[in-house]
Amino acid sequence: MTSETGFDPKLYDRFPTAEARSQSEVEELERIWAAPRGWRRLTIVNNNYVGLWYVATAFLFFLLAGVLALVIRTQLALPLLGVLPQETYNQFFTMHGTVMMFLFAVPMMEAIGVMLLPQMLAARDLPFPRLSAYAFWAYFVGGLCFFCSIFVGLAPNGGWFMYPPLTSTTYSPGINADFWLLGIGFIEISAIAGAIEILVGILKTRAPGMTLARMPLFAWAMLVFAGMILIAFPAVILATLLLELERALNWPFFDATRGGDPMLWQHLFWFFGHPEVYIIFLPAAGLVSMMVASLAKTELVGYQLIVLALLGTGFLSFGVWAHHMFATGMPTLSVGFFAAASMSVSLPAGIQVFSWIATLAVGKPSYNTPTLFVVGGLVTFVMGGLTGVMVAMVPFDWQAHDTHFIVAHLHYVLIGGAVFPVFAAFYYWSGMASRRRLSERMGRWVFWLMFAGMHITFLPMHLTGLMGMPRRVYTYLPGKDWEWTNLLSTVGAFILAAGILLFLIDLARNFRFTTENDVGNLYGGGTLEWLPTGLYSTRSIPVVKSRQPLWDDPKLARHVAEGRYLLPYSATGRRETLITSPVRAEPQYLQVMVGPSVWPFLGAVFTAGFFLLLTVQAYALSIACLPLATLSILRWLWDTDRQVPQKEVDVGAGIMLPTYVTGPRAHGWWATICVLVVAGMIFLMAVFSYLFVYGIHPSFWTIPTDRWWAFPVAAGYAAGASLTLYGRHLMGREGASKWSPTAALLFASAFIIASFATDWFTWQAQGFDPEVSAQGAFAQAMLALEGQMIAVIVLMAGYLAARTASGLVTRPRNTTFDVVSLFLLYTAAQGTATAILLRFFPASG
Amino acid sequence: MRFWRNLLDGLILWTAHFFAILIIASLWPGTLLARILVLMATILALAIAGWHSMLVLRNMRAAPDDFTRWSGGLALLGYALAGTAILYQGLPSLLA
């Protein structure tokens, strides 16, 4: 067998080991992984707790947004009803869409990932447990504050996609739009933090032998999901930043009268917005792929094809954003490409649907609640997919655009593709976290009420739309034949709500959270999450030899619980997990993990405080939160990247692994690359925006005069990058002093900061006023983006110096040093590109 | 990284083709030149997809283990999906 890392796969034959293991090892694991109690629960970082809180919070937002939907439907039940005033109605539908998309759908998928993935991969925890806690608390605090804006009439009211010029200060002068822009921008940061955790976790913490060909499909789906978040979310972060700058400082990014363009918002928003639909659908599809095999009691048909479908959807979904813009008058040929891509993306979706149908056909599915939700979701999603192909056809889209037909289509796709699978997952996996099983009888009622309610609501809505009723209107006149279909939709909404209410009653009666005495594998699943677990996950980490290890090796659960596989104890007396290679999951090293801490919680609270107080224009308090958030995060990081006395440890059966590595083998290196991908995408989107606006309105642009300044600026950045590389070289040299590599990086930082300062001041001397033209505004914004990276560099330089002074920057390798080096190199590259772009585009008048 | 590149080559090719034809259509909107360039880009992309598929197929035959064969098969399917999407996206240049 070929090896990825030099690890000898024959070593796997040593497992399961023969000798009996001591009970004291389990007690030590329990002690090390124990969760704090009382008020100290706020410091918990274990995935079991954080995952459950995350799921519960996402579900709370689902309920809150659902209540808004009920009020909306009540208002539309009959013509000229006055349940809601017009302005409040605008806030309700904006918050319904925003909360469902940003506070329920994406966080719910991340939450399920945080909860299930460690057990599914047989890891002790995800590799950055404090990051999970930070992502959760930021989402929890930020989300609740954001939602509360509706109680004081300050909720956003411009639709969930917030198109300018409607959301510009001219037409939205209050702070409602700012709540959306700052609130959502902040919540996206939490989503990205979660995505990094999940991506690195899947690639680096799988059980040995769990090659990519044996990886559970939910993990595959979450891998693609996390990758898509890193690529897609920067677009909306940039868009919200630009619109907020326009509103706060009068910089005309989207104002056509000063050289900006409102279409830019649509491109940026939908470059995020359409992949977002697949970001929601893919994890749900992964859950269905896992469940359908167990429920049909057979191997999944077409595992490889489903992996292809997940990857294919991940790529193709980035080529369909402009199908939301068919009515904007884009060039015909471009429209044709987007229509073709929109139809092409139905190929991978179809592959998955046919695989699930085939699995159900060849297996023996039981008539139980998760099966009902899976099949119901499948039927609903296919119906939504078919109307999706209809609206991918441009002439049809022109007719249906902005009508209730689109509302019906998107709800079919999202409820069938995500909500029903999530409910199936609640029933299927609740046995992992509850002492009692949910009621099967009530579950069937829940399903039929939800299924019937969903179709009674949205099937007639297609007709309402085809009869011409536009979206986002708070009432309508009688005599348009819209009364009956609207009334039916409202009745259906309440039936759907009754199903959800019944589910809540079932939860209250039967769900009892536990980390140890759960009811277990209710539906006969064959993957590793059904191994017996405690807060430390599995007693020992198994060697995986197939896709359904519990089906193929009936003794596996017992052997794992008896500690006959890897890491049956704590090798260092601390929290730890096995890090494996990304492709073939070969053991690489033992990650020593950090435990509970209050700092991620405080960091999240102060970060949320900064953004939310900025929204309500409490500037002094907001600015005070910024250093507090920074200090909290730095304090949490201070505990990480520590070496333990044991350089190598026995992880079982005499297999020795190092306890510290750096470079591309290290999980920290992968996370840093993810962060830089996000930064790179934000920059790339900024470059696109700059060129797009120039291409639309070249007459507003003038050629910069002192172009030659680009060269000394670029030379300064190059010097900074060279010094960084020299510092890395010094790090590996035995003769170098303790401070010399760090000093090289500090000098590199100084060069980079000086280059940025030169770029900034020489550009200001050109006299481009950011309030006068889009060119000036974009130039200022791009310099500000670079300035943000410079601020990070300043923090990092200080942090590295402090760690060096404390003797924490170990030689010849150190992760903190690697991370700072990578940031310096990236910042130098981005700074050079910014200087050249601003001064050489436009090239001629 | 090489493994990932091999695995995703087909889909990366689709991405390159998609953005190339989009840029062409944006630079020369509504012109015959744009349609000809899109057609050429499509033929080129399909040729690359075909050629690489043959290489992947040859490597699969010499694969040392099941996993290499599996990942080769996945790469091949990626080319098939990308090829179909590329062909479909090239059609508007003939029809528009």
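Where helix H2 and helix H15 of chain A meet, Gly66(A), Ala69(A), Leu70(A), Arg73(A), Thr74(A) and Leu76(A) on the H2(A) side are in contact with Asn486(A), Ser489(A), Thr490(A), Ala493(A), Phe494(A), Ala497(A) and Ile500(A) on the H15(A) side. Sorted by class, the residues of this contact between H2(A) and H15(A) comprise seven nonpolar, five polar and one charged. The model in which this contact appears is a predicted one, and its scores are an ipTM of 0.97 and a pTM of 0.96. For chain B, the pLDDT averages 92, with 99% of the residues scoring at least 70.

A pair of packed helices is described by the angle between the two axes and by the distance between them. In chain A, helix H2 spans residues 47-76 and helix H15 spans residues 483-510, and their axes come within 8 Å of each other while crossing at roughly 155°. Because angles over 145 degrees count as roughly antiparallel, H2(A) is described as roughly antiparallel to H15(A). The crossing in which H2(A) passes H15(A) is left-handed.

Elsewhere in chain A, Leu808(A) is found in the loop that lies between helix H23, residues 774-805, and helix H24, residues 815-840. This leucine, Leu808(A), has 16 other C-beta atoms within 10 Å and is therefore partly exposed, since a buried residue would need 20 or more such atoms and an exposed one would have 12 or fewer. Between Leu808(A) and Gly720(A) there is a separation of 88 residues in sequence, and in space the two are 24 Å apart from C-alpha to C-alpha.

Conventions
Residues numbered from 1 in each chain as written. Chains lettered and ligands numbered in written order. Predicted model: local features only at pLDDT ≥ 70, side-chain atom pairs only at ≥ 80, totals over all residues. pLDDT = per-residue confidence, 0-100. Axes fitted to C-alpha atoms, helices over the stretch in contact; angles between N-to-C directions. Helix = DSSP H or I, 4+ residues; strand = E, 2+ residues; numbered from the N terminus. Parallel < 35°, antiparallel > 145°, perpendicular 65-115°, else oblique. Left-handed = near helix turned anticlockwise from the far one by under 90°. Contact = placed C-beta atoms within 7 Å. Nonpolar A, V, L, I, M, F, W, Y, C, P; charged D, E, K, R; others polar.
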